[in-house]
Amino acid sequence: MQINLIILVALILAAVWTVMTRSLLRAGIGLALVSVLLTIVIFRLNSPLAAVFELSVCAGLISVLFVSTISMAQPLSRKEAIQHMKIRFARYWYLPIIVVLLGVVLLLINVKLDILLPTPEKIKDARLVIWNSRPIDLLGQIIILLTGVFGVVILFKERLKK
Amino acid sequence: MHQLLILLPFLSIIILNLPFKSILRKLAFLFGVSLCLFQIAFVFFPALRFSSAQFELLSSFLKFNLLVDNLTLVMLLCIGIVSFVSLLAAKRLIPEERALFNFTNVLIIALAGLNGIVMVKDIFSLYVFLEITAVASFILIVLHKDIFAFEGAFKYLILSTIATTLLLSSIALFLLVSGSTEYSAISAGLKNSPNSHIMMLAIGLFLSGVFIKAGLMPFHGWVPDTYSSAPAPVSIFLAGIVTKTVGVYTLIRIVTTVTGFTAPIRNVLLFVGAFTIVIGAFAALGQNDFKRMLSYSSISQVGYIVLGLGSGTMLGVAGAAFHLFNHAIFKSLLFVNAASVESATGLRDMNKMSGLSARMPLTGVSSCLASLSTAGVPPLSGFWSKLVIIVALWMSGRRVYALIAVLASVVTLAYFLSMQRRVFFGKLGVEFANIKEQGFALGFAAVLLSLIVIGVGLFFPFVLNSFILPVGNIFGG
């Protein structure tokens, strides 16, 4: 339990760093770090397959996409980046305090989990779940990928021409 | 063969992007129109909806778990009509072949997403199709790479992401309690743990997410920017059907099928609905930009749908679905008119226009019809749906809300009459002496939608018994 809490705190810190850092590239790396930490949490919660997906897709594929997109963008100068960071701090300094306060409030309130949990099902084979039980979600994900490809082609192709 | 409504758009996209693009590029528009017309036929001809022997093999291979009831059919019809009209507008307003091809492709993807939303019976599948529609919508909004459109799309993107996060958190909690993500399983799980804090949190998170997606007050900030900055055919599509399906349909479906009408949910819906109606109407009253005014009007009309739903009765649910249909039609018509006016004059500021009816009579008359229908003037379609909602509120003892709905209609009439006076009535401005109607496609779209507005109004008893009252049967089922 304590290890999980430590990982979750590290995860939040990585997420804050991702948002606050002045370099887009570092933000991309921060996001990958968040995914890696999340992978550990998921693995520790006995979902190795979900952990593999998280690691390969979010920490791997998405990071590659981010880094390649960032390399195409024009970076800010050091002076501009520092200015942006200052503005960001001035605007959002209270957010970490709110998060901590919310955590304290949730700890103090005795939340009643007044629920009748269903009996755990026998663990199903993930392959069967994906192909037999949820083909519509699979099709949906293929369509989302197609949409993303279209977005990139439509929005970036003409820019490259120019 | 309900699967076809998701599979055909998907296959169309693949076919349209095969090699020989130069030929396929010319056919893209026809593909899009055919899909929309097939969808409309699908609703009206039950024979198309049932599996024939040829499709049994496909059905056994693709085990899609779909739900098709009267509400689904009403939504499929709305989606078909509005997508068709949006394509017609694009044909006229997007002259370049490549840009029209891109638009058609993304619209077809959005069509698959919308059809998925209205047919799935699983809350996680719902999320998947919500995302398809959202991503396609972002691309559509920035299609012309206009700086204001980027701003609108960015706001939509950020708020939509927040909404998605809320929905996903809620789905996780629903899964925790019910052990499944199917609507029926969640509904059973809720019945087993009716007063749990976790379930209240899950319902609260879900409603907040859906309120953002529907653009209800106070989560409406993205709507005016997005609708007014998007290219005209996209505005028609977004205002006519996207937010109505993504936000409003989802709300109706989840409340009627999953959570049920508990007292807190009814009170939240009634309050948010009434608040949205009033604030949206007064905000519309102060606008000078044609499309921004229509955007605020759209927010206000969504309030009526939510108010009808909040009555918690079969009649209220039926009224909400009826107003959803009517709103899709008359708001699309108004955005078609705005597109014609903007294309002819190059303006959106209503104070700079006058007397356009003299040169654009069809646009003027159809705009007048749509405005009167929105304001609830008999015998047009909007009158009947508002009447059903108000009667439902009255019968459920929510008389104050019924009164608010009636009074807000007066404000609606006021801002639409102000729009008609400034844009279409009066003396024709000298600079508009040479303008004319904007081609067959937009004219045809305006006539088609006007006929629906009049037809639904005149044949209300038939529409009520055949399509509207059966929608109420989903309540509790």
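## Helix 2 of chain A and the A–B interface

Helix 2 of chain A has these buried residues (under 20% relative accessible area with a 1.4 Å probe, protein chains only): A:Ala27, A:Gly28, A:Gly30, A:Ala32, A:Val34, A:Ser35, A:Leu37, A:Thr39, A:Val41 and A:Ile42. This is a predicted model, in which local features need pLDDT of at least 70 and side-chain atom pairs count only at pLDDT 80 or more, while totals for chains, interfaces and linings use all residues. Residues are numbered from 1 along each chain as its sequence is written, chains are lettered from A in the order in which they are written, and side-chain values use heavy atoms, leaving out hydrogens and water.

**Helix 2**

- Spanning residues 24-44, this helix (a DSSP run of H or I, at least four residues) has 21 residues.
- From first C-alpha to last, helix 2 reaches 30 Å, close to the 30 Å expected at 1.5 Å a residue (1.5 Å times one less than the number of residues).
- After helix 2 comes A:Asn46, with a positive phi near 65°.

**The interface**

- Contact (heavy atoms within 4.5 Å) links 28 residues of chain A with 40 residues of chain B.
- About 2,900 Å² is buried between the two chains (accessible area lost on being put together, 1.4 Å probe, summed over both), 73% of it on carbon and sulfur atoms.
- On the chain A side, A:Ile136, A:Phe150 and A:Ile154 lose the most area to chain B, together 20% of what that side buries.

**Salt bridge**

- One salt bridge is counted between chain A and chain B (a side-chain nitrogen of Lys or Arg within 4 Å of a carboxyl oxygen of Asp or Glu).
- A:Arg134 and B:Asp122 join their side chains in a salt bridge at 2.7 Å, N to O.

Notes:
Helices (H or I, at least four residues) and strands (E, at least two) are DSSP runs, numbered from the N terminus. Buried means under 20% relative accessible area, exposed over 50%, partly exposed in between (1.4 Å probe, protein chains only).
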